[in-house]
Amino acid sequence: MSTIKAILNDPRFHDYIPILKGVRNGLVYGVKVRFPHALIMAILFGRGNWQTRLKAIFRATNKHATNLAGFVAIYKILLLLQRKLNGGKQRTHDTFFAGLLGGYFVFGERNAINEQIVLYVCSRVVASFLPRAGSPRGIATTGDATVKPIPPDSGYFSIFAAAMTYLYRDSER
């Protein structure tokens with residue numbers, strides 16, 4: 001235990017420990033997200049016996065967790081390399097290029113898990129560009145008030161719901 005504490009406190013390793021933590025967090029989060037989803041999908045829509053379903057659950061969970069861990073590893077390693085090549089300073093677009101390359105190498109393979117992850121990320125990006133609704137009564141909050149995120153205008157959601165319905169009905173043709 002003292003060896004681990006010595007390594008964690010050693011300044012030589014401070015740039016590398018976040019990579020390991022990120023990989024661990026990617027694995028844990030991938031399991032936390034995918035396992036319950038795959039389990040429910042196997043119960044509701046699974047085919048075959050339970051042994052086949054369990055294999056599919058563990059295969060999907062493993063794929064999701066290792067993809068997230070792999071992305072984090074590539075992303076953080078590229079950020080570290082870019083920072084070291086730039087004299088210890090991170091530039092404005094370093095995160096963009098690290099994410100671009102990490103996403104290409106990890107999520108470039110066409111499979112159901114990657115498609116779901118990419119669709120989730122795309123939806124977060126699209127949602128970030130939606131205009132936010134104003135305050136309910138035009139009341140500005142002061143510094144002491146609890147700050148809550150303002151949801152996007154509901155009119156945009158109705159457009160997306162209509163588009164999803166159209167795509168769903170059109171997919172049957």
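## A linked network of charges

Asp-15, Arg-83 and Lys-84 are joined to one another in a network of salt bridges. The model described here is a predicted one, and the structure as a whole contains six salt bridges. Side chains of opposite charge can pair when their charged atoms come close.

Within this network, Asp-15 pairs with Arg-83, and the closest N and O atoms of the two are 3.1 Å apart. Asp-15 sits in the loop between helix H1 (2-9) and helix H2 (17-45), while Arg-83 belongs to helix H3 (residues 50-85), so the salt bridge ties together parts that are 68 residues apart in sequence. Asp-15 is partly exposed, at 32% relative accessibility, and Arg-83 is likewise partly exposed, with a relative accessible area of 25%.

## A link from helix H3 to a later loop

Another salt bridge is formed between the side chains of Glu-109 and Lys-63, with an N to O distance of 3.2 Å. Because Glu-109 lies in the loop between helix H4 (94-107) and helix H5 (112-129) and Lys-63 lies in helix H3, this pair ties together parts that are 46 residues apart in sequence. Glu-109 has a relative accessible area of 46% and is partly exposed, and Lys-63, at 26% relative accessibility, also counts as partly exposed.

## The pair of Glu-115 and Arg-110

Glu-115 forms a salt bridge with Arg-110, in which the closest N and O atoms are 2.6 Å apart. Of these two residues, Glu-115 counts as partly exposed at 35% relative accessibility, whereas Arg-110 is exposed, with a relative accessible area of 71%.

Terms used:
Residues are numbered from 1 along each chain as its sequence is written. This is a predicted model: local features need pLDDT of at least 70, side-chain atom pairs count only at pLDDT 80 or more; totals for chains, interfaces and linings use all residues. Side-chain values use heavy atoms; hydrogens and water are left out. A salt bridge is a side-chain nitrogen of Lys or Arg within 4 Å of a carboxyl oxygen of Asp or Glu. Helices (H or I, at least four residues) and strands (E, at least two) are DSSP runs, numbered from the N terminus. Buried means under 20% relative accessible area, exposed over 50%, partly exposed in between (1.4 Å probe, protein chains only).
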